[in-house]
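The following note is offered to a colleague who is meeting this structure for the first time. Please read the numbered points with the sequence and the model in view.

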Amino acid sequence: MTEARRLATEPRRKPKQERSRERIDAILSTTMRLIGEKGIDAVTMKEVGALAGGPIATVYHYFPNKSAILAMLYERFSEVSRTRFGAIIAEIRGLDDVTAAADRLLDDYYERVAEDPAIQDLQNAIQADKALQNLDIAETRQQASMFCEHVGPLIDPERREQFARVVFLIFQLAGGVVRLALTQDEEEGRRTIDDYRSIIHAQLRLFL
């Protein structure tokens, strides 16, 4: 990511006082609510400022633009994802547990995104913005690394590097599969998820 793109998605100020953290929380929760109600494209910084209980200058005091707000929303979504992710992979005790854990990870992600229209819109916006897309790829690498650190010791040492590459691809492609499934009716969407599950199983069996 270039320096300009990185700065465009970073907050202007890091909250140090409780009042500042509360203002940022209000901005983020208001933005997320508006995204769920009307979609990201229709949300403006002015409206966020007004509904978050302050003037637009307050929003710009912390965030240079809407992309920076979306980046922080995505980071908070990712923090929760990593916690849920960690709890699932912690239950892997042996090779027999790996595929079941992969199923749980896919289902957990799908259900979490499916139940919240605001998260769906946020995910779509992430893919439409180059700087934010890079954040998503970096998050995928981190989660894939967590998975490989836990499962890697169970894999043939000579195949661990290849396993890591496959896991990264599985994780990165999962986002696109879930977005596709959510554009389909419920029955077709579930088939899409199950078809991708079969692909994951086939790939994992090459190493397990």
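1. In this predicted model, Pro 117 and Ala 128 are exposed on one side of helix H7. The other side of H7 holds buried residues, namely Ala 118, Ile 119, Leu 122, Gln 123, Ala 125 and Ile 126. These residues lie on the same side of H7 because the arc they cover around the axis is only 165°. An α-helix has 3.6 residues a turn, so residues three or four places apart point the same way.

2. Helix H7 runs over residues 117–128 and has 12 residues. From its first C-alpha to its last, H7 reaches 17 Å, close to the 16 Å expected at 1.5 Å a residue. At the start of H7, the backbone nitrogen of Ala 118 has a side-chain oxygen of Asp 116 within 2.9 Å.

3. Gln 127 also belongs to helix H7. Is Gln 127 to be called buried, partly exposed or exposed? With a relative accessibility of 23%, Gln 127 counts as partly exposed, since the buried class ends at 20% and the exposed class begins over 50%. Leaving aside neighbours within four places in sequence, Gln 127 is in contact with Gln 133, Asp 136 and Arg 179. Between Gln 127 and Leu 106 there are 19 Å in space, C-alpha to C-alpha, and 21 residues in sequence.

4. The largest nonpolar core has 59 residues, and Phe 63, Phe 147 and Phe 163 are those with the most contacts inside it. Helix H5 (residues 66–89) gives the largest share of this core, 11 residues. Apart from neighbours within four places in sequence, Phe 163 is in contact with Phe 147, Cys 148, Val 151, Ile 155, Leu 204 and Phe 207.

5. Four aromatic pairs are found in the structure. One of them is formed by Phe 85 and Phe 171, which meet edge-to-face at 5.6 Å centre to centre, with 80° between the planes. Phe 85 lies in helix H5 and Phe 171 in helix H9 (residues 160–181), so this pair ties together parts that are 86 residues apart in sequence. Both Phe 85 and Phe 171 are buried.

6. Phe 171 also forms an edge-to-face pair with Phe 147, at 5.5 Å centre to centre and 65° between the planes. Because Phe 147 lies in helix H8 (residues 130–151) and Phe 171 in helix H9, the pair ties together parts 24 residues apart in sequence. Phe 147, like Phe 171, is buried. Ring pairs link Phe 85, Phe 147, Phe 163, Phe 171 and Phe 207 into a cluster.

Methods:
Residues numbered from 1 in each chain as written. Predicted model: local features only at pLDDT ≥ 70, side-chain atom pairs only at ≥ 80, totals over all residues. Heavy atoms only, no water. Core = buried A, V, L, I, M, F, W, Y, C linked by side-chain atoms within 4.5 Å. Buried < 20%, exposed > 50% of the residue type's maximum accessible area, 1.4 Å probe, protein only. Helix = DSSP H or I, 4+ residues; strand = E, 2+ residues; numbered from the N terminus. Contact = heavy atoms within 4.5 Å. Expected span 1.5 Å × (residues − 1). Arc of directions from axis to C-beta. Polar contact = N/O pair within 3.5 Å; in protein donor to acceptor, adjacent residues only side chain to side chain. Phe/Tyr/Trp six-rings, centres within 6.5 Å; stacked < 30°, edge-to-face > 60°.
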